Amino acid sequence: LDPLMNRTGDVWHVFLEGELHGMLYGYRFDGTFAPHCGHYFDVSNVVVDPYAKAVISREEYGVPAHGNNCWPQMAGMIPLPYSTFDWEGDLPLRYPQKDLVIYEMHLRGFTKHDSSNVEHPGTFIGAVSKLDYLKELGVNCIELMPCHEFNELEYATSSSKMNFWGYSTINFFSPMTRYTSGGIKNCGRDGINEFKTFVRESHKRGIEVILDVVFNHTAEGNENGPILSFRGVDNTTYYMLAPKGEFYNYSGCGNTFNCNHPVVRQFIVDCLRYWVMEMHIDGFRFDLASIMTRGSSLWDPINVYGAPIEGDMITTGTPLVTPPLIAARGNDPILGGVKLIAEAWDAGGLYQVGQFPHWNVWSEWNGKYRDIVRQFIKGTDGFAGGFAECLCGSPQLYQAGGRKPWHSINFVCAHDGFTLADLVTYNNKYNLPNGEDNRDGENHNLSWNCGEEGEFARSSVKRLRKRQMRNFFVCLMVSQGVPMFYMGDEYGHTKGGNNNTYCHDSYVNYFRWDKKEEHSDLHRFCCLMTKFRKECEGLGLEDFPTAEQLQWHGHQPGKPDWSEKSRFVAFSMKDETKGEIYVAFNTSHLAAVVELPERIGHRWEPVVDTGKPAPYDFLTDDLPDRALTVQQFSHFLNSNLYPMLSYTSVILVSRPDV
């Protein structure tokens, strides 16, 4: 390229004429190949443009290219100056974040199992045919696990494992071509339109789409990894490097994206804007987001910080109080209107839950909520007070910094870790199928098998597990903040105790539509709980609840027990639609008879009791023998009492006493 003709400032450009539909492109970068200095320029390599809008390589998921090549040459699609996609008037839904119910979903896993009975399983189009199911479930926001271009066969040269989850990005602008029915046809443009169709059809059903993005590392790995794109373009700019060219590894995946370098942060902002403006995405969840708060490499401090850095005041990877990238996204006129969710930790030990730089727009995956709720629900002493804070939206984490309950994304289970069913079935992880001698995955799962290890257990143990799964789901739906649950937990999906299934393209990670029918009782309960949450104005407050709105109780009204041994937490909440609700959790091994708050002119009517078998665990108005069921408890209710089994939760609603 001619610097006089093809360069403006620091931007290189090429003008092409003629028919471009079938044309692909890549770049060759001439320069010094000196890894000890951080440089990997090699004019013999054709590398992918980081800004390419579609990446073309292998067409079929899981199938190597000619010659059993798992890393064939990749190229970018030539962008056309027009789009043929019909959005049909689609506009952002812009739900208030406090009203969201988030469903973490793996796109391929959602419909890949044969029981899905879709025409194109494992694709965006296949998922479209199942969106009505999510609407019935009460979900109004999908959090898609990574859908950027990645190589599912990146481990294939050394093992039979697959990169199923996709947290190893090749290109951040391109949808995963092998998640589309069109594949690489029409140079990937059909695949882009399939992704847009998924978003458009989700919006038609009142469902927002949030994209899980991995701006903490790339698929190029450490110094032994392939040269695909960023490394061949300018390794010292895009990655955090030590003085002799070694790669910092705050991601645990071999390299660390140099997020706060001016060029890189502009790249990330450009990318996010593209997904919002061109693809109509409603928000982003940032994997290992704490990496984005770390200081960039010091190869070019004048360009990064505006002046030379004296001494060791700022070193590579130092957590910054006001990270330029986080500020840029939080204050961007386009990105300011979308949801921004941080996984506020990284593999380098930086943990920022409750302290992530936020500008009042950043939310967080609340890992502390997960840990405290798991401990309390399984009956661990010392967590009653912490559990109450979780129910209130974690004010101890967010109130002092000016944030609201809905800045807390509450979850008990997610893609990494035990599923909800495995959380109550296994005390230990069983990760041998991952090929790492059970060394991988979290060792401290805070799980409880309810008395026996594994799926084959006594009937009494299985009944307790069903109660515990419902207890966790009740907790999610009555907590202030934003509830999120993982695909399949609504029917009790199991991964056999494997808490790190990143490498399995199999039924272990597939949504089992046949199992959903087998476990319809849990599915029904989850549907009704999401509906109940939406009906209750008091369960999705704009701000933290006050003493006028919420009152704490123990076994007696107004007498909560916050002692170390307490395993009982209850509260009553005023509600504009229900009048008032009473919620109680008994996580003791002993049953209890609870005294209910007295409300003159009103009576308490049971709605939820996880101690009862389905369908009596949730009493709907159309339940045929509902009146008889309530009548059986009338002698308790008439005395303002309610009996609770061990390890149960209940919800009662105040009704006028007529």
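Partly exposed here means a relative accessible area between the 20% that bounds buried and the 50% that bounds exposed. Asn 360 sits at 41% relative accessibility, so it counts as partly exposed. The model is a predicted one, and what follows starts with backbone oddities before moving on to the inside of the protein.

As for its backbone, Asn 360 has phi near 65°, a positive value in a residue other than glycine. It is found in the loop that runs between strand S14 (339-342) and strand S15 (362-365). Another asparagine, Asn 117, also isn't a glycine and yet has a positive phi, of about 55°. Its place is the loop between helix H1 (107-111) and helix H2 (124-128). With 70% relative accessibility against a cut-off of over 50%, Asn 117 counts as exposed. As general background, most residues other than glycine have a negative phi, and most peptide bonds are trans. On the peptide-bond side, the link from Ala 614 to Pro 615 is cis, with omega near 5°. Pro 615 belongs to the loop between strand S22 (602-609) and helix H16 (626-631).

Now for the packing. The largest nonpolar core takes in 163 residues, and those touching the most other members are Tyr 103, Met 105, Leu 134, Phe 198, Phe 215, Phe 257 and Phe 284. Helix H13 (residues 459-478) is the top contributor to this core, giving 10 residues. At least three residues of the core come from each of domain 1 (1-100 + 140-365) and domain 2 (550-656). Those two domains are the ones given by the domain assignment, and their centres, taken over C-alpha atoms, are 49 Å apart.

Met 105 gives a handy view of what goes on inside this core. Setting aside neighbours within four places in sequence, Met 105 is in contact with Phe 110, Ala 127, Leu 134, Ile 142, Glu 143, Leu 144, Met 145, Phe 198 and Met 487. A second core, separate from the big one, has 16 residues, among them Trp 604, Tyr 642, Met 644 and Leu 652.

Next, the gaps. Five cavities of 30 Å³ or more turn up, and the largest has a volume of about 70 Å³. Its lining is made up of Val 412, Cys 413, Leu 420, Phe 472, Phe 473, Leu 476, Met 484, Phe 485, Tyr 486 and Asp 489. By class, that comes to nine nonpolar residues, no polar ones and one charged. H13 and strand S17 (482-486) each put at least two residues into the lining of this largest cavity.

Tyr 426 rounds off the tour. This tyrosine lies in the loop between helix H12 (420-423) and H13. At 7% relative accessibility, Tyr 426 falls under the 20% cut-off and therefore counts as buried. Leaving out neighbours within four places in sequence, its contacts are Phe 418, Ser 447, Trp 448, Asn 449, Glu 453, Gly 454, Glu 455, Thr 494, Gly 496 and Gly 497. From Tyr 426 to Ile 291 it is 135 residues in sequence and 32 Å in space, C-alpha to C-alpha.

Methods:
Residues numbered from 1 in each chain as written. Predicted model: local features only at pLDDT ≥ 70, side-chain atom pairs only at ≥ 80, totals over all residues. Heavy atoms only, no water. Core = buried A, V, L, I, M, F, W, Y, C linked by side-chain atoms within 4.5 Å. Buried < 20%, exposed > 50% of the residue type's maximum accessible area, 1.4 Å probe, protein only. Helix = DSSP H or I, 4+ residues; strand = E, 2+ residues; numbered from the N terminus. Domains from an automatic or database assignment. Contact = heavy atoms within 4.5 Å. 1 Å grid on protein atoms, 1.4 Å probe; cavity = no way out; pocket = protein on both sides within 12 Å on 5 of 7 lines; lining within 4 Å. Points joined across faces, edges and corners; volume = space filled by probe spheres on them. Nonpolar A, V, L, I, M, F, W, Y, C, P; charged D, E, K, R; others polar.
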